[in-house]
Amino acid sequence: MLAPIPSVMLKDSAVFHVPVSLDAYQKPVYQDYAVSHVHIQNSNEVRRSSINEEVLLRAILFVDAKKSSPVYDYMSLMAMAEAVGADMTVTVTEASGNSNEYTVSMVDAVPDVPANRTHHTEIGLV
């Protein structure tokens with residue numbers, strides 16, 4: 001069983017902008033989901049997306065299953081965005097006060113082995 005991500009690392013916050021529907025003009029309508037106690041890490045890692053294409057990530061957002069709050073099902077939020085046909089974005093505010101906006105490329109729930117629950121979620125950002 002993995003230990004939770006140390007609290008000292010979870011100093012950032014994020015607001016997810018999730019497209020939930022299309023309006024009369026076929027423009028996405030967004031709903032915001034705020035979460036605190038997350039960690040952003042810059043990256044230049046290449047990963048494969050769910051549709052098997054290579055993606056160069058600018059950053060990875062770590063969301064702890066126990067210490068980040070509130071708890072959301074990020075896989076469902078991503079599926080909702082894909083169903084609408086628009087990108088889910090996130091605005092991350094670091095502990096230093098710097099704020100950046102990213103497009104969510106992938107969501108990966110990391111299991112807590114041997115338990116059957118999620119340890120943390122890694123969200124790939126471009």
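Which strand does Val-92 lie in? Here are my notes, with the answer under point 2.

1. First, a caveat: this is a predicted model, so read every value below as computed from predicted coordinates.

2. Val-92 belongs to strand β6, which covers residues 89–93. The residue is buried, at 2% relative accessibility. Setting aside neighbours within four places in sequence, its contacts are Ser-13, Ala-14, Ile-40, Leu-61, Asn-98, Ser-99, Asn-100 and Tyr-102. Phe-16 is worth a look too: 76 residues separate it from Val-92 in sequence, yet the C-alpha to C-alpha distance is 8.6 Å.

3. On to the overall fold. There is a barrel here, closed by six strands in the order β1-β2-β5-β8-β7-β6, with antiparallel pairing. From one strand to the next, the twist averages 45°. Helix α1 packs on the sheet and touches β1 (12–22), β2, β5, β7 (99–111) and β8. The direction of α1 makes about 40° with that of β1.

4. Now the β6 end of that order. β6 and β7 are antiparallel and pair over five bridges. If you want a register check, Val-90 sits opposite Tyr-102 of β7. The two strands form a hairpin with five residues between them, and Gly-97 in that hairpin has a positive phi near 100°. Tyr-102 also turns up in the contact list of Val-92.

5. Next door, β7 and β8 pair over seven bridges, again in the antiparallel sense. Pro-111 faces Thr-118 of β8, and six residues lie between the strands of this hairpin.

6. β8 also pairs with β5: six bridges join the two, which run antiparallel. Within this pairing, Asp-64 has His-120 in β8 as its bridge partner.

7. That brings me to His-120, in strand β8 (residues 118–125). Is His-120 buried or exposed? Its relative accessibility is 10%, so His-120 counts as buried. Its side chain makes a polar contact of 2.8 Å with the side chain of His-119. Beyond neighbours within four places in sequence, His-120 is in contact with Ile-5, Phe-62, Val-63, Asp-64, Ala-65, Asp-108, Ala-109 and Val-110. Asp-64, the bridge partner mentioned above, is thus among its contacts.

8. Last, the aromatics. The structure has three aromatic pairs. One of them is Tyr-33 with Tyr-72, edge-to-face, with 5.1 Å between ring centres and 80° between the planes. Tyr-33 is in strand β2 (residues 28–42) while Tyr-72 is in the loop between β5 (59–64) and α1 (74–84), so this pair ties together parts that are 39 residues apart in sequence. Tyr-33 is buried, at 14% relative accessible area, whereas Tyr-72 counts as partly exposed at 26%.

9. Tyr-72 pairs with Tyr-74 as well: the ring centres are 6.1 Å apart and the planes stand at 85°, so this pair is edge-to-face too. Tyr-74 counts as buried, at 5% relative accessibility. Which residues make up the cluster linked by ring pairs? They are Phe-16, Tyr-33, Tyr-72 and Tyr-74. Phe-16 is also the residue set against Val-92 in point 2, at 8.6 Å between C-alpha atoms.

Technical notes
Residues numbered from 1 in each chain as written. Predicted model: local features only at pLDDT ≥ 70, side-chain atom pairs only at ≥ 80, totals over all residues. Heavy atoms only, no water. Phe/Tyr/Trp six-rings, centres within 6.5 Å; stacked < 30°, edge-to-face > 60°. Helix = DSSP H or I, 4+ residues; strand = E, 2+ residues; numbered from the N terminus. Buried < 20%, exposed > 50% of the residue type's maximum accessible area, 1.4 Å probe, protein only. Polar contact = N/O pair within 3.5 Å; in protein donor to acceptor, adjacent residues only side chain to side chain. Contact = heavy atoms within 4.5 Å. Pairing = 2+ DSSP bridges. Axes fitted to C-alpha atoms, helices over the stretch in contact; angles between N-to-C directions.
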